[in-house]
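Colleague: I'd like to understand the words people use when they talk about a model like this one. Could we go through them together?

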Amino acid sequence: HSAVVVAVFVQIENSCSEESVCFSQGVPVTEVQGHGLGVRSICALVERYHGIYTFSVKNNRFTLRISI
């Protein structure tokens, strides 16, 4: 029997103001109540399936990369 390995890579970009994004341990954080739930959900899901995620801001572009 051979194992089938499926890999998924996703990259999402959005415009942003570089000054408006703060990071803690490579993950964007916010002080605004009710915000940041999506980021925590993404991190938990990717970690559950032993994947990798990165968040970055460059040239006023916020980028999320996921590999599972």
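Modeller: Happily! Let's start with N59, which lies in the loop between β4 and β5. Helices (H or I, at least four residues) and strands (E, at least two) are DSSP runs, numbered from the N terminus. This is a predicted model, where local features need pLDDT of at least 70 and side-chain atom pairs count only at pLDDT 80 or more, while totals for chains, interfaces and linings use all residues. Residues are numbered from 1 along each chain as its sequence is written, and side-chain values use heavy atoms, with hydrogens and water left out.

Colleague: Why does N59 count as exposed?

Modeller: Exposed means over 50% relative accessible area, buried under 20%, and partly exposed in between (1.4 Å probe, protein chains only). N59 has 61% relative accessibility, so it counts as exposed.

Colleague: And what is special about phi of N59?

Modeller: Phi of N59 is near 55°, which is positive although the residue is not glycine. Most residues other than glycine have a negative phi. N60, in the loop between β4 and β5 as well, has a positive phi near 60°. H50, just after α1, also takes a positive phi, of about 60°.

Colleague: Is N60 exposed, partly exposed or buried?

Modeller: N60 has 40% relative accessibility, so it counts as partly exposed. V29, in strand β3 (residues 27-29), has 43%, and therefore it counts as partly exposed too. Q33, in the loop between β3 and α1, counts as exposed because its value is 77%.

Colleague: Why is T63 called buried?

Modeller: T63 has a relative accessible area of 5%, so it is buried. You will find T63 in strand β5.

Colleague: What does T63 touch?

Modeller: Contact means heavy atoms within 4.5 Å. Leaving out residues up to four places away in sequence, T63 touches Q11, I12, E13, T54, F55 and S56. With neighbours within four places likewise set aside, V29 is in contact with C22, F23 and S24.

Colleague: What makes up the largest nonpolar core?

Modeller: A nonpolar core is a set of buried Ala, Val, Leu, Ile, Met, Phe, Trp, Tyr and Cys residues joined through side-chain atoms within 4.5 Å. The largest one here has 10 residues: C16, V21, V27, V39, C43, V46, F55, F62, L64 and I66. Two or more of its residues come from each of α1 (37-48) and β5 (61-67). As for C16, its contacts beyond four places in sequence are V21, V57, N60, R61 and F62.

Colleague: How do you know that the buried residues of α1 line one face of the helix?

Modeller: The buried residues of α1 are V39, C43 and V46. Seen down the axis of α1, they fall within an arc of 70°, so they line one face. That arc is taken from the directions from the helix axis to the C-beta atoms. These buried residues pack against β3, β4 (52-58) and β5. On the face turned away from the buried side sit the exposed residues R40 and R48.

Colleague: How does the reach of α1 fit the expected span?

Modeller: The expected span of a helix is 1.5 Å times one less than its number of residues. With 12 residues, α1 reaches 16 Å from its first C-alpha to its last, close to the 16 Å expected.

Colleague: How does the radius of gyration of the chain compare with that of a compact globule?

Modeller: The radius of gyration is taken over C-alpha atoms, and the globule rule is 2.2 Å times the number of residues to the power 0.38. For 68 residues a compact globule would come near 11 Å, but the chain has 14 Å. Its C-alpha trace spans about 50 × 25 × 20 Å along its principal axes. As an example of a distance, the C-alpha atoms of Q33 and H1 are 50 Å apart, with their positions 32 residues apart in sequence counted as separation.

Colleague: How many helices and strands does the chain have, and how many of its residues count as buried?

Modeller: The chain has one helix and five strands, running β-β-β-α-β-β from the N terminus on. Of its 68 residues, 18% count as buried.
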